[in-house]
Amino acid sequence: KIVGCVKIDTPQVVVDDDDDDDKLLRVGEWGCLAVAESFQGKKYGRILVEAAEYHIYNTFRCSVAQLELLSPSNWKHTHKERLREWYTRMGYTLKVPNDYGGSTTSLPEGSLLGKRFVLATDADFTCYRKSKPSNVVVV
């Protein structure tokens, strides 16, 4: 039985926006985390995220793991707010530390996502990052 899944994208090399010396970062992104409702609250989400991070840090040899959260701009979506808090507990911070606006792209209602989906409301696309912990050894 499949209890959940997570998508890991091919890493990108980007300029570190948060650094004056224009250092390059190898960033691995994960997303589309899903856990069957009957298995939620039983650590399966954490196991999937930790597996994605392990792959990003070790297989792809990235120094940063990244995720993006799409949430309504003008009202609170309970599940999205719960995810935001959970990602923070997992060690993720805004891409631009302490700057929600600098870490977020605002999208108006009606925007097309992925050439397939139309937003039903104004939304924020917020980027979160987590640096590779110093105790993670790349093998």
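These legends describe close-up views of a predicted model.

**View 1. Helix α2 and its buried side.** Helix α2 spans residues 78-89, 12 residues in all. From first C-alpha to last, α2 reaches 17 Å, close to the expected 16 Å. L83, R84, W86 and Y87 of α2 are buried. These four cover an arc of only 165 degrees around the axis, which puts them on the same side of α2. T78 and R89 are exposed on the other side of the helix.

**View 2. Packing partners of α2 and the residue that follows.** The buried residues of α2 pack against two strands named here with their ranges, β3 (24-35) and β4 (64-72), and also against helix α1 (44-59) and strand β9. G91 follows α2. The phi of G91 is positive, near 100 degrees.

**View 3. T126 in strand β9.** T126 sits in β9, which runs through residues 123-131. T126 has 0% relative accessibility, so it counts as buried. Its side chain makes a polar contact with the side chain of Y100 at 3.3 Å. A polar contact with the side chain of T104 is at 3.0 Å. Leaving aside residues up to four places away in sequence, T126 touches L67, E68, L69, R84, L94, Y100, S103 and T104. One of these, R84, is among the buried residues of α2.

**View 4. W30 against Y87.** A search of the whole structure finds four aromatic pairs. In one of them, W30 and Y87 meet edge-to-face. Their ring centres are 5.8 Å apart, with 80 degrees between the planes. W30 lies in strand β3 and Y87 in helix α2, so the pair ties together parts 57 residues apart in sequence. W30 is buried, with a relative accessible area of 1%. Y87 counts as buried too, at 7% relative accessibility.

**View 5. W30 against Y92, and the aromatic cluster.** The ring centres of W30 and Y92 lie 6.0 Å apart and the planes stand at 75 degrees, so this pair is edge-to-face. The pair links distant parts of the chain, 62 residues apart. W30 is in strand β3, and Y92 is in the loop between α2 and β5 (93-94). Both W30 and Y92 are buried. W30, W86, Y87 and Y92 form one aromatic cluster. W86 and Y87 of this cluster are buried residues of α2.

**View 6. K42 over the ring of F39.** K42 lies over the face of F39. The distance from the ring centre is 5.8 Å.

Key. Residues are numbered from 1 along each chain as its sequence is written. This is a predicted model: local features need pLDDT of at least 70, side-chain atom pairs count only at pLDDT 80 or more; totals for chains, interfaces and linings use all residues. Side-chain values use heavy atoms; hydrogens and water are left out. Buried means under 20% relative accessible area, exposed over 50%, partly exposed in between (1.4 Å probe, protein chains only). A polar contact is a pair of N or O atoms within 3.5 Å; within protein, one must be able to donate a hydrogen and the other to accept it, and residues adjacent in sequence count only if both atoms are side-chain atoms. Contact means heavy atoms within 4.5 Å. The expected span of a helix is 1.5 Å times one less than its number of residues. The arc is that of the directions from the helix axis to the C-beta atoms. Rings of Phe, Tyr and Trp (its six-membered ring) pair if their centres lie within 6.5 Å; planes under 30 degrees apart count as stacked, over 60 as edge-to-face and the rest as tilted. A charge sits over a ring if NZ of Lys or CZ of Arg is within 6 Å of the ring centre and within 35 degrees of the ring normal.
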